[in-house]
Amino acid sequence: MAIIRWAPASEIQTVQQEMNRLFGTFFDSPTAAAARRWVPAMDLVEDGEEYVLRADLPGLTAEDVKLEVENDRLTLSGERRSESRESNDGYQRIERRSGSFTRSVALPEGVDPESIEATFENGVLELRIPKPAEQKPQRVEIQVGAKQRAQSAS
């Protein structure tokens, strides 16, 4: 059984961060909301012999997105540009966020980056990541020494 040390200060900090996030959504001004960065939603599921990652990237094309694998870490990055319009007709409310983003996912050890398949369709990036082959224990045969063979023969 593992012993886990309870750190009440970190629990309080987590609650404080969540409360700040909650109240921040009520009192955000349009400029504060626009300053927040956009982070695309991602799903990661295990499907038989592979992992499937889907990222919602509305308004982007495959050329706007970059995928890199380094040290068993998959990084998805890119930028969604805002539409710049001049308007002197009155009120405007812009809620769609834009800007650069980066998301990283740890991959299981042994995944071959060359085997990852990526498709982009209707604003959804789908990655199919084959599971690495399991490392199975190998049995090592024990050889009997020459002295012991001579003794067992007599």
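A cavity, in the sense used here, is a set of grid points where a 1.4 Å probe fits but cannot get out, and its lining residues have an atom within 4 Å of a point. With that in hand, welcome to this structure, which is a predicted model.

**The cavity**

A search of the whole structure turns up one cavity of 30 Å³ or more. The largest cavity holds about 30 Å³ of space. Its lining is made up of Met42, Leu53, Leu74, Leu76, Arg103, Val105 and Leu127. Strand S4 (73-80) and strand S5 (99-106) are the elements that give two or more residues to this lining. Sorted by class, the lining of the largest cavity has six nonpolar residues, no polar ones and one charged residue.

**The chain as a whole**

To see where those residues belong, it helps to step back. The protein chain contains three helices and seven strands. Reading from the N terminus, the elements run α-α-β-β-β-β-β-β-β-α. Of the 154 residues in the chain, 16% are buried.

**The sheet of four strands**

One group of strands forms an open sheet of four, in the order S1-S2-S7-S6, and the pairing is antiparallel. S1 and strand S6 (117-121) stand at the edges, and each has a single partner strand, so one side of each is left without a neighbour in the sheet. From one strand to the next, the twist averages 15°.

Let us walk across this sheet. Strand S1 (residues 42-47) and strand S2 (residues 50-56) pair in the antiparallel sense over six bridges. One pair to look for is Leu44, whose bridge partner in S2 is Leu53. Leu53 also appears in the lining of the largest cavity. S1 and S2 form a hairpin with two residues between the strands, and there Gly48 takes a positive phi near 65°.

On to the next pairing: S2 is joined to strand S7 (residues 124-130) by seven bridges, and these two strands run antiparallel. Glu50 stands opposite Pro130 in S7, while Ala55 stands opposite Leu125 in S7.

**The sheet of three strands**

A second open sheet has three strands in the order S3-S4-S5, again with antiparallel pairing. Its edge strands are strand S3 (65-69) and S5, each of which pairs on one side only. Neighbouring strands of this sheet are turned by 15° against each other on average, direction ignored. S4 and S5 run antiparallel and are joined by eight bridges. Within that pairing, Ser77 has Thr102 in S5 as its bridge partner.

**The nonpolar core**

In soluble globular proteins, nonpolar side chains tend to be buried together. Here, the largest nonpolar core has 16 residues, and those with the most contacts inside it are Leu57, Leu125, Leu127 and Ile129. S2, S4, S5 and S7 each supply at least two residues of this core. S7 provides the largest share, three residues. Some names return here: Leu127 is one of the residues lining the largest cavity, and Leu125 is the residue in S7 that Ala55 stands opposite.

**Two loop residues with positive phi**

Which backbone angles might catch your eye? Most residues other than glycine have a negative phi. Asp72 has a positive phi of about 55° although it is not a glycine, and Asn122, also a residue other than glycine, has a positive phi near 55°. The table puts their settings side by side.

| Residue | Phi | Place | Relative accessible area |
|---|---|---|---|
| Asp72 | about 55° | loop between S3 and S4 | 34%, partly exposed |
| Asn122 | near 55° | loop between S6 and S7 | 75%, exposed |

Is Asn122 buried or exposed? Asn122 counts as exposed because its relative accessible area is 75%, and exposed means over 50%. Asp72, at 34%, is partly exposed, because its value falls between the 20% and 50% cut-offs.

Technical notes
Residues numbered from 1 in each chain as written. Predicted model: local features only at pLDDT ≥ 70, side-chain atom pairs only at ≥ 80, totals over all residues. Heavy atoms only, no water. Pairing = 2+ DSSP bridges. Axes fitted to C-alpha atoms, helices over the stretch in contact; angles between N-to-C directions. 1 Å grid on protein atoms, 1.4 Å probe; cavity = no way out; pocket = protein on both sides within 12 Å on 5 of 7 lines; lining within 4 Å. Points joined across faces, edges and corners; volume = space filled by probe spheres on them. Nonpolar A, V, L, I, M, F, W, Y, C, P; charged D, E, K, R; others polar. Core = buried A, V, L, I, M, F, W, Y, C linked by side-chain atoms within 4.5 Å. Buried < 20%, exposed > 50% of the residue type's maximum accessible area, 1.4 Å probe, protein only.
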